[in-house]
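Thanks for coming. I will go through one structure today, one part after another, and you can follow along on the screen.

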Amino acid sequence: MANQSIPLDRIFQALSDPTRRAVVERLTLGPASVSELARPFSMALPSFSQHLSVLEESGLVVSRKTGRVRTYALETETLAGAQDWLQLQRDKWTRRLDQLDNYLWQMKET
């Protein structure tokens with residue numbers, strides 16, 4: 001699990017920003033160029049490009065340059081890794097809460 005924590009840290013750090021989350025959400029529809037991704041945001045292109053760099057460094061997106069156009073696509077395996085970790089946490093807390101519920105019912109019955 002320790003080996004997995006560094007990539008998870010980068011993934012969650014990348015997803016901590018609303019702009020980057022919006023980009024990831026947009027990329028669920030399919031690959032897009034930098035200009036297409038930047039269009040909804042009122043920020044300078046260099047600032048927006050920094051967001052894309054963070055997403056790429058985290059492994060959430062990959063880019064490809066064709067001619068003068070750079071296109072980004074979602075890396076679904078990386079996102080699935082984060083989802084797996086979240087599911088493990090959800091399962092663990094569900095079990096704990098079920099145990100607490102059972103304990104409290106037993107306490108009430110006595």
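**Helix by helix**

I start with helix α5, where Thr78, Gly81, Ala82 and Gln89 are buried. One thing before I go on: this is a predicted model. Helix α5 covers residues 76-109. It has 34 residues, and the distance from its first C-alpha to its last is 49 Å, close to the 50 Å expected at 1.5 Å a residue.

Now the outside of the protein. Which residues make the nonpolar surface patch of about 640 Å²? They are Trp93, Leu97, Leu100, Tyr103, Leu104 and Met107. Take Leu97, which lies in helix α5. Its relative accessibility is 51%, and the cut-off for exposed is over 50%, so Leu97 counts as exposed.

Let me step back to the whole chain. How many helices and strands does the protein chain have? There are five helices and three strands. Read from the N terminus on, the order is α-α-β-α-α-β-β-α. The radius of gyration of the protein chain is 20 Å, and the globule rule gives 13 Å for 110 residues, so the chain is more spread out than a compact globule. The C-alpha trace spans about 75 × 30 × 20 Å along its principal axes. Of the 110 residues in the protein chain, 26% are buried.

Next is helix α4, residues 45-58. With 14 residues at 1.5 Å a residue, α4 should span 20 Å, and its end C-alpha atoms are 20 Å apart, which agrees. The buried residues in α4 include Phe48, His51, Leu52, Leu55 and Ser58. Why are these on the same side of α4? Because they cover an arc of only 125° around the axis. Some background helps here. An α-helix has 3.6 residues a turn, so residues three or four places apart point the same way. Pro46, Gln50 and Glu57 are on the other side of α4, and these are exposed. After α4 comes Gly59, with a positive phi, near 90°.

Helix α2, residues 18-27, can be read in a similar manner. Its buried residues are Thr19, Arg20, Val23, Val24 and Leu27. Their arc around the axis is only 140°, which puts them on the same side of α2. On the other side of α2, the exposed residues are Pro18 and Glu25. For Glu25 the relative accessibility is 58%, which is why it counts as exposed.

We have now met Glu25 in α2 and Gln50 in α4. How far apart are Glu25 and Gln50 in space? From C-alpha to C-alpha the distance is 17 Å, and in sequence they are 25 residues apart.

On to charged pairs. How many salt bridges does a search of the whole structure find? It finds one. The partners are Arg26 and Glu36, and their closest N and O atoms are 2.6 Å apart. This pair links distant parts of the chain, with Arg26 in helix α2 and Glu36 in helix α3, 10 residues apart. Are the two partners buried or exposed? Neither word fits, because Arg26 counts as partly exposed at 22% relative accessibility. Glu36 also counts as partly exposed, at 32%.

Helix α3 covers residues 34-38, and Ala38 is found in this helix. Buried means under 20% relative accessible area. Ala38 has 13%, so it is buried. Between the C-alpha atoms of Ala38 and Val23 there are 8.5 Å, while along the chain the two residues are 15 residues apart. Val23, as I said, is one of the buried residues of α2.

To recap two items. The protein chain is more spread out than a compact globule. The salt bridge is between Arg26 and Glu36, in helix α2 and helix α3. That is the end of my part.

Notes. Residues numbered from 1 in each chain as written. Predicted model: local features only at pLDDT ≥ 70, side-chain atom pairs only at ≥ 80, totals over all residues. Heavy atoms only, no water. Patch = residues over 30% accessible without salt bridge, like charges linked within 9 Å, V, L, I, M, F, W, Y side chains within 5 Å. Areas by Shrake-Rupley, 256 points an atom, 1.4 Å probe, with all protein chains shown as cover. Salt bridge = Lys/Arg side-chain N within 4 Å of Asp/Glu carboxyl O. Helix = DSSP H or I, 4+ residues; strand = E, 2+ residues; numbered from the N terminus. Buried < 20%, exposed > 50% of the residue type's maximum accessible area, 1.4 Å probe, protein only. Expected span 1.5 Å × (residues − 1). Arc of directions from axis to C-beta. Rg over C-alpha atoms; globule rule 2.2 N^0.38 Å.
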